[in-house]
Amino acid sequence: MTITKSLPFIDLKGQQERIRADIDRRIARVLDHGQYIMGPEIRELETLLAEFAGVKHCISCASGTDALLMPLMAYGVGPGDIVLTPAFTFIATAEVVSLLGAEPVFVDIEPDTFNMDPNALRAVLNSDRVKNGRVRGIIPVDLFGQLANYEEIEKIAREFDLFVIEDAAQSFGAAYRGRRAGSFGNVAATSFFPAKPLGAYGDGGAIFTDDDDLADKMRSIRVHGKGTHKYDNVRIGINGRCDCIQAAVLLAKMEVFPAELEARGRIAQRYTNGLPEGMVAPVLGDGHTSAWAQYTLQVDNRDEMIAQLKEHGIPTAIYYPKPLHLQDAFADLGGKLGDLPITERLAGTVFSLPMHPYLAEEDQDYILETLNKCQAGA
Ligand SMILES: *Cc1c(COP(=O)(O)O)cnc(C)c1O
């Protein structure tokens, strides 16, 4: 078969062309003032992002992983503690728990939203699986851009006296009944990895919270556990700062971010309207808007479908082919096939289509036509 097109999975070039002059100007300003670490762009970015998310404090940091790690450190999570997370996520969500010597316990997900199932969460909390430790908190993930069910999860958290850390690495810009990602749970973490909905030109992340005490602790942890100054160290911390040049890039990207979110939403809607029979489209819950970090389908004949799309120059990706409870890195936790049936089924059936705000309508049409042709066996 001849390749008629060769599409990128994520196209950062189209965006760069649109905002290149602003990025150049903002980076030049950093080079001029020379405050590469914690310069004025950091404060400007934190103020803007806090306002956007609708929370009191934004603490920018070096990555989404650090944005998850620092709240756990602030809560004093360590050996003997248990934190509940989904297994259908990027490893960072649970890795930070293990890194602190605590134990991640995995919770199954809802088959339509891909997010933590509150009923499964309650079942795990009432089961023997948490009997060997002190359960401290929950890290729900807003997978592929849609918020988890915080109404139910926060209810359960209050009942069991647990903290909730929103993993908003994929959902920055999403909302539930007008309330934006970053404002759920006690504290939220997002990532500015280049391929995320709001991506920098390198690593970066941010933490959001309304909790003054927690914010103070995390600002201290971000700079080696600083007290009144850098060489007064009151706790163990990390070097978790965001670079000023990345903040400058993010400030330029924030100018177009709301329009990009709308474009992602339009593309997702067109995909959903044009899908062939036999492919399960992602489902948005009532009152939800997604940041559409990924547009993720379910099909039974995944390998065949992916191979055919590739022949037609359409790249796809599988998030995530191997759930965390089956990863070698977590082998000592004793996870096995059959533990999380929904997670395991989805790991075998999901794949994601190209998704970025600069995907032209004719390319969307080409992708839909090809999907329909392949599904019909043409
Ligand atoms: C990307 C991602 C992270 C980690 O972010 P980094 O900036 O790459 O460290 C954490 N959780 C989820 C769900 C992610 O997608």
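Reader: Before we look at α7, what counts as a helix here?
Author: Helices are DSSP runs of H or I with at least four residues, and they are numbered from the N terminus. With that settled, and bearing in mind that this is a predicted model, α7 covers residues 212–222, and the residue that follows α7 is His224, whose phi is positive, near 55 degrees.

Reader: And what caps the N-terminal end of α7?
Author: That is Asp211, which places a side-chain oxygen 3.1 Å from the backbone nitrogen of Asp213.

Reader: Which residues of α7 are buried, and what do they pack against?
Author: The buried residues of α7 are Leu214, Ala215, Met218, Ser220, Ile221 and Arg222. They pack against the helices α2 and α3 (64–74), and also against the strands β1 (57–61), β8 (187–191) and β9.

Reader: Zooming out a bit, how is the chain divided?
Author: There is a domain 1, spanning 14–254, and a domain 2, spanning 257–376. Their C-alpha centres lie 24 Å apart, and where the two domains meet, 43 residues of domain 1 are in contact with 38 residues of domain 2.

Reader: Where does the largest nonpolar core lie relative to those domains?
Author: Domain 1 and domain 2 both give residues to this core, so it lies between them. The core has 50 residues, and those touching the most other members are Leu49, Leu84, Leu121, Ile138, Phe172, Leu198 and Phe208.

Reader: Which element gives the largest share?
Author: That is α8, with eight residues. Elements giving two or more residues to the core also include α2 (40–53), β2 (81–86), α5 (118–125) and α6 (150–160).

Reader: You listed Leu121, so what does Leu121 touch?
Author: Setting aside residues up to four places away in sequence, Leu121 touches Leu84, Val107, Met116, Ile138, Ile153 and Ile156.

Reader: New topic: how many residues surround the ligand, and which are the closest?
Author: The ligand is surrounded by 15 residues, and the closest are Gly64, Thr65, Gln170, Ser191 and Lys196.

Reader: What are the distances from the ligand for Gly64, Gln170 and Ser191?
Author: For Gly64, a backbone N or O atom lies 2.7 Å from an oxygen atom of the ligand. Gln170 has a polar side-chain atom 2.8 Å from a ligand oxygen atom, and for Ser191 an N or O atom in the side chain is 2.6 Å from an oxygen atom of the ligand.

Reader: How much of the ligand does the protein bury?
Author: The protein buries 92% of the 390 Å² that the ligand exposes when taken alone.

Reader: Is Thr296 buried or exposed?
Author: Thr296, which lies in strand β11 (residues 295–298), has a relative accessible area of 1%, and because the cut-off for buried is under 20%, Thr296 counts as buried. Its side chain is joined to that of Ser352 by a polar contact of 2.9 Å, and, leaving aside neighbours within four places in sequence, Thr296 is also in contact with residues including Phe114, Phe144 and Val280.

Reader: Last one: where is Lys5, and which side chains does Lys5 make polar contacts with?
Author: Lys5 sits in the segment before α1 (12–33) and is partly exposed, with a relative accessible area of 22%. Polar contacts join the side chain of Lys5 to that of Glu362 at 3.1 Å and to that of Asp363 at 2.7 Å. Lys5 is also 7.5 Å from Ile314, C-alpha to C-alpha, although 309 residues separate the two in sequence.

Definitions and conventions:
Residues numbered from 1 in each chain as written. Predicted model: local features only at pLDDT ≥ 70, side-chain atom pairs only at ≥ 80, totals over all residues. Heavy atoms only, no water. Core = buried A, V, L, I, M, F, W, Y, C linked by side-chain atoms within 4.5 Å. Buried < 20%, exposed > 50% of the residue type's maximum accessible area, 1.4 Å probe, protein only. Domains from an automatic or database assignment. Contact = heavy atoms within 4.5 Å. Near = heavy atom within 4 Å. Polar contact = N/O pair within 3.5 Å; in protein donor to acceptor, adjacent residues only side chain to side chain. Areas by Shrake-Rupley, 256 points an atom, 1.4 Å probe, with all protein chains shown as cover.
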